[in-house]
Structure formats: structure tokens, C-alpha cells
Amino acid sequence: MFEHIDAYAGDPILTLNENFAKDSRDHKVNLSIGIYYDDHGRLPVMQAVREAEGQLLAELGPKPYLPMAGFAHYRDAVQSLVFGDDSAARTEGRIATVQTLGGSGALKVGADFIKRYFAGSRVWVSDPTWENHRFIFERAGFEVNAYPYYDESSGGLKFEEMLSAIDALPARSVVLLHACCHNPTGVDLNDAQWVELIEVIRKRDLLPFIDMAYQGFGAGIDADAFAIRELVRQNVPALVANSFSKNFSLYGERCGGLSVICESPDVAARVLGQLTSAVRANYSNPPTHGAKIVARVLTTPALRQSWQQELASMCRRIMRMRAEIHERLRGKVPDTMLARYLEQRGMFTYTGLSADQVDTLRERHGVYLIRSGRMCVAALNDNNVATAAQAIARVISQAGD
Ligand code: LMR
């Protein structure tokens, strides 16, 4: 019956992370998966999460199914964080939001919804993008293409090329965009570029799908959502996936949301119904625990303040580690490769290392990066930064030999 099943080649991020766990070398360093580790290399439990979880355990009760669309307080908290409390679309009831299984779940529910109602549309993702974007949309039945994005020679953005490619797309094409802390490159649009891009999207009647997996890891909680707020300001219908995996350090709880900005409350009600139907067809209803934690933190002023402060300190630590590796690599890697550690932002830096160099780093030095050359700078700490920098310097000097 199953003889014809192919072997799974593995996932470029998650399988590598599983292989890292099996690596028995003491000095190994994991800079592959997008996870924030603290100064001691530990996955933090944020103080606000700890307190909210304590409160919830004290209130233990029965565990019914959540509604298909998710926990109502959580969905409301998602909207307020992603769109802002006083967002016009939110107060007018024009946003449909469902709770999802992390950001991936939001992308999948959104992809199913679009496939059903925009069956002829094609999807456009940035070149490069998070490996799983293409996979999710292709598995949902879409043809996926790429628009120009990253400029390898400068380590920055090819904005004009990106804009003109998007300006040539057929109406109702789906354009996948990263709100902030672009994964894998760490290169974002600035506010003026977002305004210009969104004007093109509106003019050409395109359907933007914004993925915001790192809110709070770039310029701040509200500043990171600039593109989303601008879509609302320019009255552009859009889908927005968000995740609390990173900014709440709640990876395994699978807390995400999918919001659709609609033209009217009446349309939003129907869209919500169809998102709910996509949830039912995939997994019926989402889990309770993580959603209760997030809702409790976001709606309790003291916990919310504590969460925001801790998130800001995580960002400061990432900046410190960016400066640290930059300093250690100074004079040891070409200047164009060096500047990226400071210029790119969020959890990732696109190092410019080739797949072969990444393989050498892993095999000879036990330092793990994704084969695209993406480094998770949020996993650097005072104990591993020297090992990582020395290994990179050695690999680069060997390439020059
Ligand atoms: C990553 O990009 O490393 C993370 O978002 C984890 C994942 O699921 O790929």
C-alpha cells in the first residue's frame, strides 16, 4: 500500500534543528532556527507569561472546546496589538480575526480561504523568503513566484526593482510581504517605501498578505506594524498573519492570528464565517492554554507593561550581540559582509556565506546556520560568540586560500 511513498528530504530549518539536538559535540552552537535564547543560552519564560500562567493554573477548570474562531478575548487582543486600539477599521468592525496555530496556521488558513475565493490568483513572495512560505502556498494549490527583494551586493533592498515588478502584476495577485524583521534577510522597507508600495498595491487592485512574526523585534511594537496601519489608512483590503511564538517566547503553544481587513462590517462578518469554515476543515478549533496566557498578559496593564519591557530588553540584547560579532569579525571578513551585522535587523542576518561554507561551519566547527547563509543573531551570547566568530573567520580565510 505504501511502497510508493517517497522519503522526506527534511525541512531546511526544523530538520537541521533536530539534527543539532543529536550532535554530541560540547562546543556546538545553534544559530539556525529563529528562536530567541537568553544570555545563558536558555529559552526564556517571560516574567509576564510566568505570572499569567500562575494565575490561570490557580483558576483551573473544565476544558471545553474553544469556538472554531478561537478565544474571544484573545482575538480582540490580537486586533488591538496588530492594528492599534484606536484603529478605524477595528472600531468600525471591518476586521475579521481568527485564532490560529501560530503564524504557519494563519498562513495556511489564509491560503485555503484565498484559494477558495480567488482561485485564479497567483502568489508572489520576496526573493528570498522564509522557506515555508512557498511550501504552504504550493500545498494549498497555488503557483508561487518571486519578486526581487534582496540585493546581495549591498546587503540591502532592491526597492525600485521590487516596486516595478509588483506594479506589473495582474489584479488580485496575492503579494506576500513581511511586516518587519524580514526572514531570512533582516532587510525591511522604510516607512516612505511602504507608503509608496501600498499605493501601487491599491492602484493595481492586488491582495496583500502580510506576515508579521516578529512584532516588537524591530523598531518597536507599533512601529513594526507600520505597513498594516498604512494599509488601513489607504483603505486597502488585506490579510495579516501574526504570531506570538517569538515575542512571547511561546513557541510550542502555537499562538497566532489571522486578520482580514474588509470593506464593511457586513463583508467582515461573511469573511469571518469563511475563515471559521477553513479552521473547521483543517483542525476544528484551536487550543486553549497559550491563547489564555496571551490574552491575560495583553489585557492586564501591569502584565502588559512587564511584557513590553522584557521584550525591549531582549531587543537590546540582540543589538549588543550584533555589535559583538561585528567587532570580532572586523578585519577578518570583507567589509560588505561585515556591515550587515549592524545594518540588518530583527533576529536574522543574511551573512553572505555560501551553502558550502555553511556546511563546513557545521561539519568542522559545530556552528549551525541555515544553508541560505541566514544566521539567527538572537541565539548569540557571551559564551558562544567567540566560537561562532572564529569559525566564520576560518571558513572565510580558507575560501580565500
Ligand atoms: C525560523 O524561520 O527559523 C522560524 O520561524 C521557525 C520555523 O518554523 O521555521
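H178 is buried in this predicted model, because its relative accessibility is 8% and buried means under 20%. Two other residues make good stops on a short tour: G34, which is also buried, and I5, which is exposed.

**Around H178**
- To find H178, look in strand β7, which covers residues 174–178.
- The side chain of H178 is joined to the side chain of T129 by a polar contact of 2.9 Å.
- T129 also appears among the contacts of H178 beyond four places in sequence, together with S126, W130, H133, N183, W194 and D211.

**Around G34**
- Where does G34 sit? You will find G34 in the loop between β1 (29–30) and α2 (47–58).
- G34 has a relative accessible area of 4%, so it counts as buried, the limit being under 20%.
- Beyond its neighbours within four places in sequence, G34 is in contact with K246, Y251, M347, F348, R374 and C376.
- G34 and N19 are 15 residues apart along the chain, and their C-alpha atoms are separated by 15 Å.

**Around I5**
- I5 belongs to the segment before α1, the helix spanning residues 14–22.
- Is I5 buried or exposed? I5 is exposed because its relative accessible area is 52%, and exposed means over 50%.
- I5 joins M1 and F2 in a nonpolar patch on the surface.
- Together, M1, F2 and I5 have about 440 Å² of accessible area.

Technical notes. Residues are numbered from 1 along each chain as its sequence is written. This is a predicted model: local features need pLDDT of at least 70, side-chain atom pairs count only at pLDDT 80 or more; totals for chains, interfaces and linings use all residues. Side-chain values use heavy atoms; hydrogens and water are left out. Helices (H or I, at least four residues) and strands (E, at least two) are DSSP runs, numbered from the N terminus. Buried means under 20% relative accessible area, exposed over 50%, partly exposed in between (1.4 Å probe, protein chains only). Contact means heavy atoms within 4.5 Å. A polar contact is a pair of N or O atoms within 3.5 Å; within protein, one must be able to donate a hydrogen and the other to accept it, and residues adjacent in sequence count only if both atoms are side-chain atoms. Patches are made of residues with over 30% relative accessible area and no salt bridge: like charges are joined within 9 Å, nonpolar side chains (Val, Leu, Ile, Met, Phe, Trp, Tyr) within 5 Å. Accessible areas come from the Shrake-Rupley method with a 1.4 Å probe; for residues, only the protein chains shown count as cover. A salt bridge is a side-chain nitrogen of Lys or Arg within 4 Å of a carboxyl oxygen of Asp or Glu.
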